[in-house]
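These exercises ask you to read a structure step by step. Try each task before turning to its solution.

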Amino acid sequence: MSPLVAKIAWIVMVVGWYVLRIPFERKAAKARIARDELALAERVRLTISLTGLGIIPAIHVATGFPRAADYPFQPVLFGLGIVTGLAALVMFRLTHKALGRYWSVSLQMREGHKLVTEGIYRRIRHPMYSAFWLMALAQALLLPNWIAGLSGLVGFGTLYLLRVGHEERLMTETFGAEYEAYMRRTGRLWPKAGAA
Ligand code: SAH
């Protein structure tokens, strides 16, 4: 059974992530949508990610299920989980600040959508996905349960792998050469080595 401190840390991280989004969600809701990719594939990807990052760990935190997958609590892993979770929240905040009203849950293009290449987007083109990877890693470090801990990496990893190529095609269709040049000077999740 995960100790109370691990459960509380996971809850604080998820609530923190939710609260951080509120002002930006309002801003984004005001920007008219020009193109929405809420195809079935996108819904399936989002559901898989939500299950791994939200539903499975929430059931574990609330009920202890599945107990057979518990392993002993390790303070060092817990400490690393706190640091990783904080890094994820800071990164989320930076991505929302830079993307502003262009942010969306699904793949959408807003009316008058501009390509953001400043702030955290200057050298990384998917920093929000970097933040989600950090959040999934924090979940694995915080919850001493093989299933509830690792489900975030599996769930978000599936969304990421199935979505990122598609998103880059959509961005290239919208922004053309501007996005192609941006891709050349940035890394997907981490700054590209050698780029200015
Ligand atoms: N993949 C990005 C953004 C995720 S939010 C990241 O990880 O940081 C998804 C929406 O953001 C997409 O629908 C797309 O319209 C928009 N978007 C992604 N990159 C963008 C950029 N550099 N400038 C403006 N909008 C962007």
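The exercises below concern a predicted model, and they cover its ligand, a pocket and two places in a loop.

**Exercise 1.** Find which side chains place an N or O atom by a nitrogen atom of the ligand, and state the distances.

Solution.
- Step 1. Start with His113: an N or O atom of the His113 side chain is 2.9 Å from a nitrogen atom of the ligand.
- Step 2. Go on to His126, where the corresponding distance from a side-chain N or O atom to a ligand nitrogen is 2.8 Å.
- Step 3. Finish with Glu167, whose side chain has an N or O atom 2.6 Å from a nitrogen atom of the ligand.
- Step 4. Turn to the surface of the ligand: alone, the ligand exposes 540 Å², and the protein buries 99% of this area.

**Exercise 2.** Describe the shell of residues around the ligand by its nearest members, its elements and its chemical make-up.

Solution.
- Step 1. The ligand has 19 residues around it, and those that come nearest are Gln108, Val116, Tyr121, His126 and Glu167.
- Step 2. Assign elements: at least two residues of the shell come from each of β2 (108-110), α4 (127-142) and α5 (146-175). The most is given by α4, with three residues.
- Step 3. Sort the shell by type: twelve residues are nonpolar, five are polar and two are charged.

**Exercise 3.** Locate the ligand with respect to the pockets, then describe the lining of that pocket.

Solution.
- Step 1. The ligand sits in the largest pocket.
- Step 2. The volume of this pocket is about 820 Å³.
- Step 3. Its lining consists of 40 residues, and Ser104, Val105, Met128, Tyr129 and Arg163 lie nearest the centre. Two or more lining residues come from each of α1 (4-30), α2, α3, β2, α4, α5 and α6 (177-185).
- Step 4. By type, the lining has 26 nonpolar, nine polar and five charged residues.

**Exercise 4.** Examine the loop between α2 and α3 at Pro66 and at Asp70.

Solution.
- Step 1. Place Pro66: this residue is in the loop between α2 (40-63) and α3 (75-99).
- Step 2. Inspect the peptide bond that joins Phe65 and Pro66: this bond is cis, with omega about -10°.
- Step 3. Move to Asp70, also found in the loop between α2 and α3. The Asp70 side chain makes a polar contact of 2.7 Å with the side chain of Asn145.
- Step 4. Compare Asp70 with Glu173: they are 103 residues apart in sequence, and their C-alpha atoms are 47 Å apart in space.

Note on methods
Residues are numbered from 1 along each chain as its sequence is written. This is a predicted model: local features need pLDDT of at least 70, side-chain atom pairs count only at pLDDT 80 or more; totals for chains, interfaces and linings use all residues. Side-chain values use heavy atoms; hydrogens and water are left out. Helices (H or I, at least four residues) and strands (E, at least two) are DSSP runs, numbered from the N terminus. A residue is near a molecule or strand if one of its heavy atoms lies within 4 Å of it. A polar contact is a pair of N or O atoms within 3.5 Å; within protein, one must be able to donate a hydrogen and the other to accept it, and residues adjacent in sequence count only if both atoms are side-chain atoms. Accessible areas come from the Shrake-Rupley method with a 1.4 Å probe; for residues, only the protein chains shown count as cover. On a 1 Å grid over the protein atoms alone, a cavity is a set of points where a 1.4 Å probe fits but cannot get out, and a pocket is an open set with protein on both sides within 12 Å along at least five of seven lines; lining residues have an atom within 4 Å of a point. A molecule sits in a cavity or pocket if more than half of its atoms lie within 2 Å of its grid points. Ala, Val, Leu, Ile, Met, Phe, Trp, Tyr, Cys and Pro count as nonpolar, Asp, Glu, Lys and Arg as charged, and the others, Gly among them, as polar. Grid points are joined across faces, edges and corners, and a volume is the space filled by probe spheres set on the points.
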